[in-house]
Amino acid sequence: MSSTKAPSHGEPSAGEMPWGMVATVAIALLAFGLGQAVAAVLLSGWLGPAALAGPALPAHGGAVVLVVVAANVVQTVTLVLAARVKAGSALGYLGLDVPARRDLLVGLASLVALVLVADGVTLAAGRDLVPPIQIAIWRSASAQGVLWLLWPALVIVAPIGEEILFRGFVFRGCARSDRSAVPTIVLTAFVFALLHVQYDWVGVLLIFGVGLLLGWLRWRTGSTTLVIVLHVALNLEGMIETMILAG
């Protein structure tokens with residue numbers, strides 16, 4: 001794989017310059033904030049203001065579905081509109097292409113290796129393979145009859161929204177050269193991990209590792225679609241583990 005990102009991998013042409021770094025961060029924060037605000041209003045209207053009092057989502061299956069879908073849809077629509085305003089083609093700007101087969105195989109192999117190492121370290125340390133909060137959310141969704149909504153929310157909607165934000169829009173505006181790509185990969189992985197406040201520090205550290213891998217693959221291939229597919233696969237694996245252990 002080449003370290004340069006050619007237009008054939010979904011990047012805009014040289015004449016379609018991205019938003020500047022400051023504007024990129026500002027738009028990303030705006031999109032994220034709008035998504036969270038809409039989700040908070042909907043959640044508060046459904047469960048009452050007390051549902052917003054905690055530092056993270058409650059272990060309420062229906063609430064998780066509502067927040068994940070609402071926040072990511074609003075966030076993604078905002079970023080797509082911003083990309084279209086700047087480049088005309090949101091697909092090209094955000095790196096949404098058809099990934100090369102070789103890139104897909106390398107990405108899947110890398111992800112499998114990372115998951116095996118992470119699971120092995122987790123078990124060796126005597127920690128739960130699946131965080132208790134995931135088990136609680138699963139059982140809550142099952143009791144409420146919304147498991148059929150929890151699956152697509154966590155396996156499809158969340159990965160698409162998160163990758164378009166971090167490895168799509170923010171990466172496009174901040175990683176303008178090989179020199180700026182590395183700090184962008186690290187910083188986006190760091191923020192990506194911190195947003196997963198439902199996990200303990202070990203879980204956050206593992207997610208940081210995932211963010212580094214996805215960021216590296218985005219840089220080397222130019223494809224956000226590739227990292228979306230890998231993120232979907234990772235969340236699917238996590239949901240299957242949760243289903244087995246929660247049953």
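**Aromatic pairs**

A search of the whole of this predicted model finds three aromatic pairs. Select Tyr 93 and Phe 169 to display one of them: the rings are tilted, with 5.9 Å from centre to centre and 40 degrees between the planes. Tyr 93 belongs to helix α3 and Phe 169 to helix α6, so this pair ties together parts of the chain that are 76 residues apart in sequence. Both Tyr 93 and Phe 169 are buried.

Next, select Phe 166 and Phe 192. Their arrangement is edge-to-face, at 5.6 Å centre to centre and 70 degrees between the planes. Here the link runs from helix α6, which holds Phe 166, to helix α7, which holds Phe 192; the two residues are 26 apart and the pair connects distant parts of the chain. Phe 166 and Phe 192 are both buried.

**Charges over rings**

Return to Tyr 93 and add Arg 172 to the selection. Arg 172 lies over the face of Tyr 93, 5.7 Å from the ring centre. For another such arrangement, select Trp 19 and Lys 86: Lys 86 is placed over the face of Trp 19, at 5.2 Å from the centre of the ring.

**The nonpolar cores**

Which residues have the most contacts inside the largest nonpolar core? Select Leu 79, Tyr 93, Leu 94, Leu 165 and Phe 169, which hold that position in a core of 21 residues. To see where the core is drawn from, colour α1 (21-47), α2 (61-87), α3 (90-93), α6 (147-174), α7 (178-194) and α8 (201-221), each of which supplies at least two of its residues. The largest share, six residues, comes from α6.

Centre the view on Leu 94. Setting aside neighbours within four places in sequence, Leu 94 is in contact with Val 80, Ala 83, Ile 164, Gly 168, Phe 169, Arg 218 and Thr 224. Apart from the largest core lies another, of 16 residues; select Val 64, Ala 141, Val 146 and Val 155, which are among them.

**Helix α5 and the residue after it**

Ala 141 also leads to helix α5, where Ile 135, Ile 137, Trp 138, Ser 140 and Ala 141 are buried. Show α2, α6 and α9 as well, since the buried residues of α5 pack against these helices. Draw a distance between the end C-alpha atoms of α5 (residues 132-144): the value is 18 Å, which agrees with the 18 Å that its 13 residues should span at 1.5 Å a residue. Just after α5, select Gly 145, which takes a positive phi of about 75 degrees.

**Helix α9 and its cap**

Repeat the exercise on α9 (residues 224-246). At 1.5 Å a residue its 23 residues should span 33 Å, and the end C-alpha atoms are 32 Å apart, which agrees. At the N-terminal end of α9, select Ser 223, which caps the helix: a side-chain oxygen of Ser 223 lies 3.4 Å from the backbone nitrogen of Thr 225.

**Two further residues**

Is His 196 buried or exposed? Select this residue in the loop between α7 and α8. Its relative accessibility is 12%, and His 196 therefore counts as buried, the cut-off being under 20%. Beyond residues up to four places away in sequence, His 196 touches Glu 162, Val 204 and Ile 207.

Finish at Arg 102, in helix α4 (residues 101-124). With 52% relative accessibility, Arg 102 counts as exposed. A distance drawn to Ala 153 reads 29 Å, C-alpha to C-alpha, for two residues 51 apart in sequence.

Methods:
Residues numbered from 1 in each chain as written. Predicted model: local features only at pLDDT ≥ 70, side-chain atom pairs only at ≥ 80, totals over all residues. Heavy atoms only, no water. Helix = DSSP H or I, 4+ residues; strand = E, 2+ residues; numbered from the N terminus. Expected span 1.5 Å × (residues − 1). Polar contact = N/O pair within 3.5 Å; in protein donor to acceptor, adjacent residues only side chain to side chain. Buried < 20%, exposed > 50% of the residue type's maximum accessible area, 1.4 Å probe, protein only. Core = buried A, V, L, I, M, F, W, Y, C linked by side-chain atoms within 4.5 Å. Contact = heavy atoms within 4.5 Å. Phe/Tyr/Trp six-rings, centres within 6.5 Å; stacked < 30°, edge-to-face > 60°. Lys NZ or Arg CZ within 6 Å of the ring centre and 35° of its normal.
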